[in-house]
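Here's a quick tour of one model, taken piece by piece. Have the sequence and the 3D view open as you read.

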Amino acid sequence: MMETEVTIVILAAGLGTRMKSAKAKVLHSAGGQTLIEHVVDTALALTSPDRVFVVVGHQADQVRQTLSSRGVGFIEQAEQKGTGHALMIGRDVLSKFPGRLLVLYGDGPMITAGTLRRLIKLQRESAAAGALIITRLDDPTGYGRVLDDGGLVQAIVEQKAATPEQLLVKDINSGIYCFSAAEFWENIGQIQPDNPAKEYYLTDIVEILRRAGHSVRSLRVDEPAEVLGINNRIELAQMDALFRKRKVEELMLAGVTVEKPETVTIDSAVRIGMDTVVEPFARILGSTTIGEDCVIGACSILQDSRLGRGVWIGPFTSILSSRIEDRGEVGPYARMRMGAHVESGAHVGNFVELKKTRLGAGSKAMHLAYLGDSDIGEGVNIGAGTITCNYDGSKKHATRIGNGAFIGSNSTLVAPIEIGEGAYLGAGSVITEAVPADALGLGRARQVTKEGWAQKRRKA
Ligand code: UD1
Ligand code: MG
């Protein structure tokens with residue numbers, strides 16, 4: 001397999017001045033993942049983690065941490081003196097690997113493994129010392145211009161160093177290259193910071209290789225979006241929109257109905273089953289998985305949550321790190337968070353919040369309730385306005401409600417508290433002591449009725 005002899009280096013040390021951010025550019029997200037994660041995952045589709053290296057500099061620790069689960073190597077570029085310099089720094093580590101050296105920029109997250117394979121193939125089969133991906137842009141401002149002669153690259157000229165005539169060239173350098181490792185390492189030392197920015201430009205390697213008698217080929221791609229680098233937040237938003245579009249189209253082709261797809265936000269790792277309907281402006285994020293035949297209401301937000309089959313989520317509902325089992329119904333205007341668990345067929349209605357709470361199968365909490373740190377059995381009815389007082393100012397306490405219990409409206413359950421199976425609580429009760437199974441719990445003042453009182457007052 002040709003892939004086994006490919007070493008991949010991803011340049012990600014720059015701050016990205018044009019982002020106007022304290023955060024390193026490659027740590028910004030598009031499509032629900034950081035830019036660097038996108039690029040690394042594509043690299044890992046081509047070669048093993050021990051042959052993937054990321055050049056880090058700005059916020060090196062955060063970048064390492066973001067990628068920690070992927071097992072790739074790192075090269076530290078403490079001072080960023082240009083893309084050429086980034087590779088010079090990595091020479092000791094990288095030049096040990098024979099074969100091909102694939103160079104990617106951490107700010108180009110859309111590149112696919114398929115296109116990279118075509119690039120590697122071109123370099124290998126043409127026996128050129130290098131090959132790079134180019135594309136044509138109507139507005140090439142900011143990019144390196146490629147002086148290309150029918151597939152043979154003469155030179156790359158950076159925007160800052162280009163003559164007015166060269167600035168008219170619309171073929172741009174993507175920053176994605178495949179080199180023959182031997183020729184690359186033999187010549188890299190010749191890159192000089194002889195340009196207006198005083199940087200070591202990796203792009204100078206083209207002319208250097210040519211002078212040494214080698215050739216460099218170009219692979220032209222027709223869809224610029226795949227190879228463009230992000231330099232500012234406008235481009236970041238455009239890239240994000242492309243990722244979203246790609247994801248939504250993938251889901252629609254797999255049998256998910258997405259209403260007004262241009263309005264929904266779905267992260268790349270999300271999974272959704274067939275015949276589920278996603279209404280406008282829904283945001284489905286992180287590792288969320290949704291079963292078949294569900295409805296995700298308009299303007300709902302779901303993150304890192306698990307939904308079974310036939311689940312109905314009403315509009316304007318927020319579900320975070322929670323689980324809704326088959327045929328569960330939640331919303332509109334409900335909030336599930338921190339491990340809320342709605343079992344099969346249970347219903348949660350408007351203005352109800354569940355936190356670290358299990359709502360047993362077939363139970364209902366239809367209006368205006370806060371249920372925190374609670375274990376609620378099956379077939380329980382939670383009346384409107386029920387509140388668990390789970391916090392005493394310093395500690396959280398648990399509430400347990402047995403199967404089939406009936407919690408009257410406006411009950412206040414002062415935790416820790418236990419309501420037995422089949423028990424009843426009178427509406428408006430403040431419950432501070434356990435109510436045993438099948439008992440009635442009442443905790444409210446007796447009503448006083450004074451006949452004729454209102455009439456007398458009016459007369460006075
Ligand atoms: C670069 C190319 C340009 C190309 C464009 C494509 C050079 C000199 N120019 O320009 O021809 O059209 O990308 O997007 O290569 N980096 C480091 N260390 C450094 C400098 C940069 O790791 O010292 C990393 C950055 O973090 C970034 C990538 O290299 O991920 C590209 O750097 P950037 O400053 O965005 O280069 P461009 O000006 O866009
Ligand atoms: Mg760039």
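## Helix 1

Let's start with helix 1, whose buried residues are Leu 35, Ile 36, Glu 37, His 38, Val 39, Val 40, Thr 42 and Ala 43. Keep in mind that this is a predicted model. The helix spans residues 35-44, and 8 of its 10 residues are buried, so the rest of the structure largely encloses it.

Thr 42 is a good residue to zoom in on, and it belongs to helix 1. With a relative accessible area of 11%, Thr 42 counts as buried, because that value is under the 20% cut-off. What does the side chain of Thr 42 have a polar atom close to, at 3.4 Å? That partner is the backbone oxygen of Ile 111.

## Where ligand 1 sits

Now for the ligand. Ligand 1 takes up the space of the largest pocket. There are 24 residues around ligand 1, and the ones that come nearest are Gln 77, Thr 83, Tyr 105, Glu 158 and Asn 173.

What's the make-up of that shell by class? Polar residues account for 12, nonpolar ones for 7 and charged ones for 5. As for secondary structure, strand 1 (6-12), helix 3 (83-89) and strand 10 (171-180) each chip in with at least two shell residues.

## Polar contacts to the ligand

Which atoms pair up with the oxygens of ligand 1? On the side-chain front, Lys 25 places a polar atom 3.1 Å from an oxygen atom of the ligand. Asp 107 has a side-chain N or O atom that is also 3.1 Å from an oxygen atom of ligand 1. The backbone joins in too: a polar backbone atom of Gly 144 lies 2.9 Å from a ligand oxygen.

How much of ligand 1 does the protein cover? On its own, the ligand has 760 Å² of accessible area, and the protein covers 90% of that.

## Out at Arg 283

One last stop is Arg 283, which is found in strand 16 (residues 283-285). Is Arg 283 buried or exposed? Neither, quite: its relative accessible area is 37%, so it falls between the 20% and 50% cut-offs and counts as partly exposed.

To place Arg 283 relative to the ligand shell, take Asn 173, one of the residues that come nearest to ligand 1. Arg 283 and Asn 173 are separated by 110 residues in sequence, and their C-alpha atoms are 35 Å apart in space.

Key: Residues numbered from 1 in each chain as written. Chains lettered and ligands numbered in written order. Predicted model: local features only at pLDDT ≥ 70, side-chain atom pairs only at ≥ 80, totals over all residues. Heavy atoms only, no water. Near = heavy atom within 4 Å. Polar contact = N/O pair within 3.5 Å; in protein donor to acceptor, adjacent residues only side chain to side chain. Areas by Shrake-Rupley, 256 points an atom, 1.4 Å probe, with all protein chains shown as cover. 1 Å grid on protein atoms, 1.4 Å probe; cavity = no way out; pocket = protein on both sides within 12 Å on 5 of 7 lines; lining within 4 Å. Sits in = over half its atoms within 2 Å of the grid points. Helix = DSSP H or I, 4+ residues; strand = E, 2+ residues; numbered from the N terminus. Nonpolar A, V, L, I, M, F, W, Y, C, P; charged D, E, K, R; others polar. Buried < 20%, exposed > 50% of the residue type's maximum accessible area, 1.4 Å probe, protein only.
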